[in-house]
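Biologist: Could you walk me through this one, label by label? I'd like to hear what earns each term its place.

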Amino acid sequence: ITADDGTRIECAVIEHDHPHATTSESVSSTSRARDWFVLAHAHPKLGGSREMMTPLARALARKGYGSVSIALRGTSGSLGHSSWRGSPEEGADIIAGARLARKCFGATTETRVHLIGYSYGSTICSYALDGDESIASFIAIGYPRGSYSCGFMGIGAKILMRDSFDALKASRKPKLFIHPANDDFTSQSTMERLVSEKLSNEGMDGAESGSVNSCLKILPGAGHFSVVNDSRAVEDAASMIVDFV
């Protein structure tokens with residue numbers, strides 16, 4: 001696929017399982033789910049790749065949902081270059097994936113696309129959230145808000161990952177944060193404050209005072225680096241996502 005700036009981006013499409021089909025039957029174009037997901041992986045400069053999102057995409061497929069898993073620019077077969085802090089240009093990669101899901105795989109114009117970002121990928125999704133009319137919601141797994149109590153890793157996250165927050169806060173679209181209980185970068189108390197205070201709609205035009213369109217779910221026993229490859233954590237995260245949408 002091609003981002004708005006002309007950068008060619010590699011992606012993998014994981015179709016949903018047909019609820020009435022055997023494992024040998026293919027999914028027909030008339031039976032495609034109304035809701036699709038675009039998945040974004042962890043930091044490209046720290047080993048992130050689209051393959052790390054495959055277990056979650058397959059878990060969602062078993063629940064009847066298709067996904068487009070993006071290789072952020074500068075990784076796998078994607079052209080261009082990644083950045084340390086994230087950028088709107090990288091957000092264009094996600095928008096291109098959303099348009100692919102809507103135009104090529106959606107059964108109708110009512111198809112909704114939900115963005116799922118893991119770690120750094122969630123900050124990139126922030127830039128894309130209001131970038132296409134089909135994008136309905138934002139889901140972050142291991143959002144790297146950063147906490148001083150997490151030591152060097154938490155401080156690093158606070159410094160590097162903060163640029164995208166204004167874009168995230170500006171969007172009124174629903175947001176789900178799935179937080180590993182043993183996250184290495186961000187404490188649970190930090191995420192609780194983020195959702196209850198920092199992302200409050202209070203003071204926004206047309207919003208009810210103190211209303212919140214964000215929610216936080218905790219994954220017990222999971223760590224930041226295991227949350228996308230531990231089978232139990234992946235299944236639990238997929239269930240939380242399906243309940244959310």
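Modeller: Sure, starting with strand pairing: two strands pair if DSSP finds at least two bridges between them. Keep in mind that this is a predicted model. With that rule, seven strands make up an open sheet in the order S1-S3-S2-S4-S5-S6-S7, and the pairing is mixed.

Biologist: What makes S1 and S7 the edge strands?

Modeller: Strand S1 (11-14) and strand S7 (214-223) each pair on one side only. As for the twist, neighbouring strands in this sheet are turned by 20° against each other on average, ignoring direction.

Biologist: How do you know that S2 and S3 count as paired?

Modeller: The cut-off is at least two bridges, and five bridges join S2 to S3, so the pair qualifies. The two strands run parallel. One of the partnerships is Val38 with Val68 in S3.

Biologist: Which helices sit against the sheet?

Modeller: Helix H1 (residues 54-62) is one of them: H1 lies across S1, S2, S3, S4 and S5, at about 170° to S2. H6 packs on the sheet too, touching strand S6 (175-182) and S7, with its direction at about 165° to that of S7.

Biologist: And the nonpolar core, which residues have the most contacts inside it?

Modeller: The largest core has 33 residues, and the ones with the most contacts inside it are Val38, Ile94, Leu115, Tyr143, Leu168 and Phe177. Helix H2 (88-105) is among the elements giving two or more residues to this core, along with strand S4 (112-118) and strand S5 (135-141). H2 gives the largest share, six residues.

Biologist: What does Tyr143 touch?

Modeller: Leaving out residues up to four places away in sequence, Tyr143 touches Ser122, Thr123, Phe165, Leu168, Phe177, Thr186, Met191 and Leu194. There's also a second, separate core of 28 residues, which includes Ile14, Ala57, Ile178 and Ile241.

Biologist: On to charges. Why is Arg50 with Glu10 called a salt bridge?

Modeller: The cut-off is 4 Å between a side-chain nitrogen of Lys or Arg and a carboxyl oxygen of Asp or Glu. The closest N and O atoms of Arg50 and Glu10 are 2.9 Å apart, so the pair passes. Arg50 is in the loop between S2 and H1, while Glu10 is in the segment before S1, 40 residues apart.

Biologist: Why is Arg50 called buried, and why is Glu10 called partly exposed?

Modeller: Buried means under 20% relative accessible area, and exposed means over 50%. Arg50 comes in at 17%, so it counts as buried. Glu10 has 24%, so it falls in between and is partly exposed.

Biologist: What about Arg112 and Asp35: why does that pair tie together separate parts?

Modeller: Their closest N and O atoms are 2.8 Å apart, which makes it a salt bridge. Arg112 lies in strand S4 and Asp35 in strand S2, so the pair ties together parts 77 residues apart in sequence. Asp35 is buried at 10%, whereas Arg112 is partly exposed at 25%.

Biologist: What makes Asp236 with Arg232 a local pair within H7?

Modeller: Both lie in helix H7 (residues 231-244), four residues apart, about one turn of the helix. Their closest N and O atoms are 3.3 Å apart, so this is a salt bridge too. At 59%, Arg232 counts as exposed, while Asp236 is partly exposed at 27%.

Biologist: How many salt bridges does the rule give?

Modeller: Twelve. Asp4, Arg99, Arg102 and Asp132 are linked in a salt-bridge network.

Note on methods: Residues numbered from 1 in each chain as written. Predicted model: local features only at pLDDT ≥ 70, side-chain atom pairs only at ≥ 80, totals over all residues. Heavy atoms only, no water. Core = buried A, V, L, I, M, F, W, Y, C linked by side-chain atoms within 4.5 Å. Buried < 20%, exposed > 50% of the residue type's maximum accessible area, 1.4 Å probe, protein only. Contact = heavy atoms within 4.5 Å. Axes fitted to C-alpha atoms, helices over the stretch in contact; angles between N-to-C directions.
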